[in-house]
Amino acid sequence: MALSAEESGRLARLLSEHGERLTRRWTEIVATSLRGRLSQAELARQVQELHRSMIDAGENGLTDLSSEQGGELRAVLAELSRGRARQGFTATETAISVYALKDVLLELMEENHEGSALRDFVAFSGLIDQMGLFTFETYTRTRESLIADQAEQLLELSTPVVKIWEGVVAVPLVGTLDSARAQVVMERLLQTLVDTGSPYAIIDITGVPAVDTQVAQHILKTVVAARLMGADCIISGIRPQIAQTIVALGIEFGDIATKASLADALRQVLRLTGVETRRHQRRES
Amino acid sequence: MERVPILKIGDILLVSIQVDMSDQTAVQLQEDLAERIVATGCHGVIIDITALDIVDSFVGRMLSTIASISKVLDAETVVVGMRPAVAITLVELGLSLNGIRTALNVERGMELVAAARGDEWDEVDGDEDVETTATT
């Protein structure tokens, strides 16, 4: 429990009595810490909203931020820190918006000095600390969800399966292949094989920066799974260094066909399917 | 007890497994299939497992056994329609269905059987195969 119902009532009274002056000073302090990256009007609106919901909470006898009466206040705080997190402010800059209230309150209480001022201030501080911690939590949660979203988007972006010929699909792999991505690639490739009825797949690893045993394992699994379904896989785009690494690590590709370039792989597949490729001599004029 | 139906299409026997396989069903299927191969003189068996959500070591062994039986009776076995999820699970389990040919769908399976029976080249994709040897 941060403060008693009586104290929270006093806080609400203090906040509403000096409302105008308090929010102005509060906005000023926050504005200096944010160095003009948020418009004055926007900031003033946020501070006023926070101020209002604190008065409401105080009048309802708020004793602890996590209590039922704190619902409204928590919502306002959460919205504030979510906004800050999305706009790219740091955690400190977000928390300052709340902690600035302490300075303002101190100034105010020093002026109209009363006997119980110190005790009150400590109690108010307790509540403000709770509010600050709450903004921290919301801030981190927002950032985490942002990161998770981005990781998912990256996953979506980086694993296209393209059809390059009748009955031939290709997967150009770009970037490091970890277990999660390998799983997505595998599932998507196999699904495309079923959907398009393609009996041939080319896995192009030109864009994979390094091939270690784990990556090789993932690729091999994909090839074996495709074979079980009745499709053949060719691995292409093996760069010289990668070839050396593969040999040095003792990775065995067995009877899986490997080609240096996507073009070679495609030519091989076309030959297997019986399509004839011929070079036409261009007529010189 | 449920029985798996065996359909005859031309020179091929088509087995579509739609039910969960039990010991009894599997044994019954093996018996039925062997009898039908002999009775009809078919040279190809296509086992369609599109409807199977789960292929465990038991079903895997059953497929292998059927393939071996068919082989003895001079018929090619092709397993078709394996789902991606099933394939992934089999790979993760380390089961590789040795000695079984696979194809994406029934149509490709029939082509595969035809290709394996060299004497039927002319009917299905003989021309293509001749060209392949010519270009290589």
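How many helices and strands does the secondary structure of chain A come to?

## The overall picture

This is a predicted model. Chain A's secondary structure adds up to 10 helices and five strands. Some 31% of the 285 residues in chain A count as buried.

Now for how the chain folds back on itself. Take the contacts in chain A between residues at least 6 apart in sequence: 74% of them join residues at least 24 apart.

## A look at helix 10

Helix 10 of chain A covers residues 262-273, and its length checks out: with 12 residues at 1.5 Å a residue, the helix should span 16 Å, and the end C-alpha atoms are indeed 16 Å apart. Right after helix 10 of chain A comes Gly274(A), which takes a positive phi of about 90°.

Which residues of helix 10 of chain A are buried? They are Ala265(A), Leu266(A) and Val269(A). These sit on the same side of helix 10 of chain A, because the arc they cover around the axis is only 95°. That fits the usual geometry: an α-helix has 3.6 residues a turn, so residues three or four places apart point the same way. As for partners, the buried residues of helix 10 pack against four strands of chain A: strand 1 (162-165), strand 2 (168-174), strand 3 (200-207) and strand 4 (232-236).

## Where chain A meets chain B

The contact draws 19 residues from chain A and 20 residues from chain B. On the chain A side, the elements giving two or more residues are helix 7 (179-196) and helix 8 (213-228). Helix 7 of chain A gives the most, with six residues. By type, the chain A side splits into 10 nonpolar, four polar and five charged residues.

Terms used:
Residues numbered from 1 in each chain as written. Chains lettered and ligands numbered in written order. Predicted model: local features only at pLDDT ≥ 70, side-chain atom pairs only at ≥ 80, totals over all residues. Expected span 1.5 Å × (residues − 1). Buried ≥ 20, exposed ≤ 12 C-beta atoms within 10 Å, placed from the backbone. Arc of directions from axis to C-beta. Contact = placed C-beta atoms within 7 Å. Nonpolar A, V, L, I, M, F, W, Y, C, P; charged D, E, K, R; others polar.
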